[in-house]
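Notebook open. Today I'm going through one model and jotting down what I look up.

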Amino acid sequence: MFPDHQFGFRRSHSTIQQCHRITTIISEALDAKEFCPTVYLDVKQAFDKVWHRGLLYKIKLLPSEYYLIFKSYLSDRYFQIKHGEANSAINQITSGVPQGSVFGPLLYLLYTSDIPTTPTTYIGTFADDTVILSRHHDPQIATDRLQEHLNLIQKWLQDWRIKANETKSTQVIYTLRRADCPRVYLNNIEIPRAKVAKYLGLHLDSKLTWKVHIIKIRKEMDIKIKQMYWFLGKKSSLSLENKLLLYKAIIKPIWTYGIELWGCSSKSNVDIIQRFQSKTLRMITGAPWYVSNQSLHTDLRVPTVEEESFNRIDKHFQRLQFHVNQLANN
């Protein structure tokens with residue numbers, strides 16, 4: 001019952017696979033010298049706004065025994081607020097899925113499974129993270145198609161009592177050409193323009209160079225290494241083995257996330273992360289200046305950024321070859 005474009009909370013589906021699909025559409029548009037206007041929608045309190053009556057209406061398509069289980073699960077739930085010595089009245093809960101429950105994500109996916117799609121645009125969803133893309137050589141046609149899709153989503157949001165935050169949503173125009181695309185609107189409110197959008201943890205700039213993303217994660221790692229200097233610095237009494245373990249467990253995951261995609265960017269961008277890793281390994285070991293970075297990586301058995309990239313790209317490719325979702329497989 002889940003659409004193929006929904007990658008959230010599904011077995012064998014990951015954020016990287018969804019980002020790969022989105023960046024592939026953008027890359028193909030850039031290679032073809034097309035305009036690719038894109039809107040990243042921000043949904044207000046997505047899991048808290050699931051309308052119970054609407055959800056039960058939709059899951060009537062399930063076998064009756066499942067419908068009755070879900071109906072019992074959602075019905076007769078109440079809440080009360082306590083502040084100091086005062087208690088509010090007891091009120092019935094008529095929307096939202098129970099937070100932290102196993103059924104919560106499943107019910108949300110069922111509730112949003114019928115989000116509108118069009119044959120002339122692309123849509124990607126990961127739970128409530130929604131992106132809509134359009135492609136065409138003519139900026140007006142590309143924008144018209146995107147606006148048509150937004151109009152359908154606007155009506156769908158109203159029908160099912162879901163609210164989007166128009167001012168926190170973002171529009172990015174991906175193109176290598178100098179012309180511009182017209183503005184797009186949701187609920188008659190203009191969606192703000194930006195040069196970069198953050199989607200599922202990756203910063204996608206308007207030319208998809210990945211430089212903005214790499215600079216941001218480099219800054220994040222600089223902050224983290226300062227916080228951990230008393231663990232990893234020269235004066236730390238920790239063993240070399242434990243220092244390396246801390247680096248691999250806490251700092252390395254920051255830059256390896258999404259390396260299957262940004263690892264293919266220019267060498268100058270990748271070198272930003274490589275310099276950070278070499279500097280960190282030198283700090284951990286206290287190695288003198290005459291010890292080469294390559295020796296540090298070899299002796300510590302730590303792969304370089306390029307080697308890490310190739311390894312992860314290869315594994316990512318193998319997973320996609322036989323993926324159950326045709327959108328990911330493509």
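**Cysteines**

How far is the sulfur of C19 from the closest cysteine sulfur, and in which residue does that one sit? I get 14 Å, to C264, which is too far for a bond. I should say up front that this is a predicted model. C19 itself is buried, at 1% relative accessibility.

I tried C181 next. Its closest cysteine sulfur is in C36, 9.0 Å away, and that is also too far for a bond, since a disulfide needs the two sulfurs within 2.5 Å. C181 is buried too, with a relative accessible area of 4%. The tally for the structure is 0 disulfides.

**Helix α1**

C19 took me to α1, as it is among the buried residues of that helix. I checked the length of α1, residues 15-31: its 17 residues should span 24 Å at 1.5 Å a residue, and the end C-alpha atoms are 24 Å apart, so the two agree.

Is α1 enclosed or open to the outside? I count 12 of its 17 residues as buried, so the helix is largely enclosed by the rest of the structure. The buried set includes I16, I22, I25, I26 and L30, but also Q17, Q18 and R21. Just past the end of α1, K33 caught my eye with a positive phi of about 60°.

**Salt bridges**

My search of the whole structure turned up 10 salt bridges. I looked at a few of them.

D114 and K58 pair through their side chains, at 2.8 Å from N to O. This pair joins distant parts of the chain, 56 residues apart: K58 belongs to helix α2 (residues 52-58), while D114 is in the loop between α4 (103-111) and β6 (121-126). I note that K58 is buried at 10% relative accessibility, whereas D114 is partly exposed at 36%.

Then I went to α10 (residues 267-285). D271 and K267 form a salt bridge there, with the closest N and O atoms 3.0 Å apart. Why can these two reach each other along the helix? They are 4 residues apart in α10, so about one helical turn separates them. K267 is exposed, with a relative accessible area of 63%, and D271 is partly exposed at 22%.

Helix α12 (residues 305-321) holds R312 and E308, again 4 residues apart and separated by about one helical turn. Their closest N and O atoms are 3.0 Å apart, and I log them as a salt bridge. E308 is buried at 9%, but R312 is partly exposed at 28%.

One more for the list: E28, E34 and R135 are linked in a network of salt bridges.

**Cavity**

Last, I looked for enclosed space. How many cavities of 30 Å³ or more does the structure hold? I find 1, with a volume of about 150 Å³. Of the 18 residues lining this cavity, Y108, T112, I115, T130 and W156 are the closest to its centre. Helix α5 (residues 139-159) gives the most to the lining, with 3 residues. I sorted the lining by class and got 11 nonpolar, 6 polar and 1 charged residues.

Technical notes: Residues numbered from 1 in each chain as written. Predicted model: local features only at pLDDT ≥ 70, side-chain atom pairs only at ≥ 80, totals over all residues. Heavy atoms only, no water. Salt bridge = Lys/Arg side-chain N within 4 Å of Asp/Glu carboxyl O. Buried < 20%, exposed > 50% of the residue type's maximum accessible area, 1.4 Å probe, protein only. Expected span 1.5 Å × (residues − 1). 1 Å grid on protein atoms, 1.4 Å probe; cavity = no way out; pocket = protein on both sides within 12 Å on 5 of 7 lines; lining within 4 Å. Points joined across faces, edges and corners; volume = space filled by probe spheres on them. Nonpolar A, V, L, I, M, F, W, Y, C, P; charged D, E, K, R; others polar.
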